[in-house]
Every structure is written in structure tokens, then in C-alpha cells.
Amino acid sequence: MNILLTGGAGFIGSHLSEYLLERGHRVCIVDDLSTGSAENVLPLKANPGFSYHFQSAKNRHLMAELVDCADFIFHLAAAVGVRLIVESPVRTIETNVQLTELVLELAAKKKKTVLVASTSEVYGKRVTVPFREDDDLIIGPTRMGRWSYACSKALDEFLAIAYWREQKLPVIVVRLFNTVGPRQTGRYGMVIPNFVRQALQGENITVFGDGAQQRCFLHVADVVRALESLAMLPAAIGQVFNIGSTEEISILHLAQRVRELTASPSAIVNVPYAQAYEEGFEDMMRRVPDTSKLQSAIGFQPRFQLDQILRDVIAFESRRLDLTVVAHAR
């Protein structure tokens, strides 16, 4: 199968590209490298089934050609990371909505199936867990840039389902819950790579807020396996699926576990949200997916538990830090 993948040089996109190639598919990625990295896909360039375009997916002419040649489209390109979202709400809204609109428009002309990657953020300020795909969405005030991402991704979902209902474009929507693993950058606020890097360097491990907020983390290897399985499932068309783990941990306990696994002398320090992001910043205290729909559809069960995830990230970050030290020594 010929697969087009937007955001293919990003954290999840590069892992998905690798997995799809291993499964015998041909993969073409488009990525403007604004949050992705060419280094993520460097090992894939020797594969004859892999091709890449380091350009924006807003390039209509390029995307029209690539959509025409594709059998299936994974649309992962988006503005990601809480810090980027808070600091650049205009970029967040324009990137997410405009890219999705273009991909769906072009795919509709050729009736190409599209999987649109959404996010658990769309559930907003819901307090009743676990979150089900048909739950109401509760979004915060428009004056808070923090909610622009959730709203833009919810609009992506509305648009995708509208194309399915009105134009019979085959679409699948997935809501990703805290995907983690090797290659994830902490540059835009991703908590585990930040904690691991701080612990390995003996810096303070910074916990935003009081650390009582709870999250569920899923290994990227489990995520890409679920994405490929849904892509191959005709019954998934027109549906929305949560993809995540139900193994909860508080952010404070996560910091403590990272410190233990790295044998780090780092102190754990609480940083107020207003200092980390913006005045009045709101966070969700719990974010737990109901994954029964995904389990029913593809028999999904996570293969990696949290400690395995943390060890993978620690090993990756340790290698990266070692390479950085060697490079500076030269």
C-alpha cells in the first residue's frame, strides 16, 4: 500500500513511518520540520520504499500530487505541545485547521481514506472519567490561549466527520492520550522527556502546579500498532477512537519514579502554572481514556507498562546526552 503521512518527521510520525515500512508498505512523508526533525527519519532514507518532502503540507500543488498517488493518508501534522500552544495560539489554530481542511479537500476529490490524528485535549475540562468518545466536550474560555489547541482539534474532528457524512469521504478519527517514548522532545512541554533530561543532568525536576494531576502514558510503539490496525479496518470508517493507556500516575509520583530509575540526586521542585505558562492557566486534574471501543475493534492491549516506557526514554536520553558531550568535546 502507498501511504502518505503528514508530520512524518515528528515523534509519532517517524515511529509510524518505521513501523509501516516494516509491515511492507511504501511511505511518503511531508514535514516542514517546525517541530519534527530530519534526524528522526535519517535511518529510513536508505529504504527504497521511503520518500520524503521537507515542505509544508500547506503546499497545495505538492499535496495534490501526493494525495493522487496515495492509497491511504495518515494526517498527523499539527501544532503540538502545551508551551507552543500557549505561546503561539495563532499558529496553533491556523496550522491545525488549515492543514486538515486542505488534506480532507484533496482526499475527497479522489475518495482516499484519511486517518486524522486528534487529541485527548478535546475533552477539555471534563472531570468524570474515563472519557468516552461520545462524551460532551467542555472547553474553557476563549481568552485563554491554552484552549485554542483543543478547539482547533475539535474543529478538525467536526470537519472530518462532516466530509464523511456529506461527501462519503472515508475518514477515521483518533484521539491520542499522552503518547511517549524515544525521540520525543521536551522542547514544548512534554513532561517525561523533560523529567528524564533534568534527572540525568542533576538539575531540579520541575513539576508544574502541585503535581496532583494524573495522567496515563502509552508507549509510541503501542500507538503506531493501533494506528496501522485501524487503518486496515473497514469498520473503523466514520468512527472516533481513543488511543491510550488506563494506567494512571500523578505527575509528582512520575517525577519521583524518574528520579528513582535514574538514581538521580535531583530535587523535585514545584513551579506555579502562572510562572510556567500564563496567568490563569487551567489544567485537567485527570485524563483517563475509555479504550473499550478500541479493544472491541482491534483487540488492543498495551504491551508496555509505565516502568518499561520510562526505561526506554532514559536509555534514549542517556545516549543523546553522551553524544552531545562527545560533540562538545570535539
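Student: Is H15 buried, partly exposed or exposed?
Tutor: Keep in mind that we're looking at a predicted model. H15 sits in helix α1. Its relative accessibility comes to 13%, and the cut-off for burial is under 20%. So H15 counts as buried.

Student: Which residues does H15 touch, leaving out those up to four places away in sequence?
Tutor: Sequence neighbours up to four places away don't count here. With those set aside, the contacts of H15 are P182, R183, V220 and V224.

Student: And how far is H15 from D68, C-alpha to C-alpha?
Tutor: Along the chain, H15 and D68 are 53 residues apart. In space, their C-alpha atoms are separated by 24 Å.

Student: Helix α1 packs on a sheet, so what's the strand order there?
Tutor: That sheet is open, and its pairing is parallel. At its edges are β3 (50-53) and β11 (240-243), each pairing on one side only. Averaged over neighbouring strands and ignoring direction, the turn between them is 20°. Reading across its 7 strands, the order is β3-β2-β1-β4-β5-β6-β11.

Student: What angle does the direction of α1 make with that of β1?
Tutor: Helix α1 (residues 11-22) packs on the sheet and touches β1, β2, β3, β4 and β6 (171-176). Against the direction of β1, that of α1 makes about 170°.

Student: Let's look at β1 itself: how many of its residues are buried?
Tutor: Strand β1 covers residues 2-6 and is mostly covered. Of its 5 residues, the number buried is 4.

Student: Which residue of β2 stands opposite T6?
Tutor: β1 pairs with β2 (residues 26-30) in the parallel sense, over 5 bridges. Within β2, the residue opposite T6 is V30.

Student: On the β4 side, which residue stands opposite T6?
Tutor: β1 and β4 (residues 72-75) run parallel and are joined by 4 bridges. I3 stands opposite F72 there. For T6, the residue opposite in β4 is H75.

Student: Which β4 residues point the other way from F72 and F74?
Tutor: F72 and F74 share one direction from the strand. The four residues F72, F74, I73 and H75 are all buried. Pointing the other way are I73 and H75.

Student: What does I73 stand opposite in β5?
Tutor: β4 and β5 run parallel, with 4 bridges joining them. In β5, the residue opposite I73 is V114.

Student: There's another sheet, with 3 strands: which of them stand at the edges?
Tutor: This open sheet has mixed pairing and runs in the order β12-β9-β14. Each edge strand has a single partner, so one side of each is left without a neighbour in the sheet. Those edge strands are β12 (248-250) and β14 (286-287).

Student: Which residue of β14 stands opposite R215?
Tutor: Strand β9 (residues 214-216) runs parallel to β14, and 2 bridges join them. Opposite R215 in β14 is R287.

Student: At what angle to β12 does α9 run?
Tutor: Helix α9 lies across both β9 and β12. Relative to β12, α9 runs at about 85°.

Student: How is α7 set against α9: parallel, perpendicular or oblique?
Tutor: The axes of α7 (residues 191-200) and α9 (residues 251-262) come within 9 Å and cross at roughly 40°. That makes α7, relative to α9, oblique. As for handedness, α7 passes α9 in a crossing that is right-handed.

Student: How do the residues of that contact divide into nonpolar, polar and charged?
Tutor: On the α7 side we have V191, I192, F195, V196, A199 and L200, and they meet I251, L254, A255, V258 and T262 in α9. The division is 10 nonpolar, 1 polar and no charged.

Student: Now the backbone: where does the cis peptide bond to P130 lie?
Tutor: The bond from V129 to P130 is cis, with omega near 0°. P130 is in the loop between β5 (113-119) and α6 (148-167).

Student: What is the phi of K111?
Tutor: K111 is in the loop between α5 (89-110) and β5. With 43% relative accessibility, K111 counts as partly exposed. K111 isn't a glycine, yet its phi is positive, at about 55°.

Student: And how does N178 count, buried, partly exposed or exposed?
Tutor: N178 lies in the loop between β6 and β7 (179-180). Its phi is also a positive value, near 40°, in a residue other than glycine. At 21% relative accessibility, N178 counts as partly exposed.

Note on methods
Residues are numbered from 1 along each chain as its sequence is written. This is a predicted model: local features need pLDDT of at least 70, side-chain atom pairs count only at pLDDT 80 or more; totals for chains, interfaces and linings use all residues. Side-chain values use heavy atoms; hydrogens and water are left out. Axes are lines fitted to C-alpha atoms, for helices over the stretch in contact, and angles run from 0 to 180 degrees between N-to-C directions. Angles under 35 degrees count as roughly parallel, over 145 as roughly antiparallel, 65 to 115 as roughly perpendicular and the rest as oblique. A crossing is left-handed if the near helix is turned anticlockwise from the far one by less than a right angle, and right-handed if clockwise. Contact means heavy atoms within 4.5 Å. Ala, Val, Leu, Ile, Met, Phe, Trp, Tyr, Cys and Pro count as nonpolar, Asp, Glu, Lys and Arg as charged, and the others, Gly among them, as polar. Buried means under 20% relative accessible area, exposed over 50%, partly exposed in between (1.4 Å probe, protein chains only). Two strands pair if DSSP finds at least two bridges between them.
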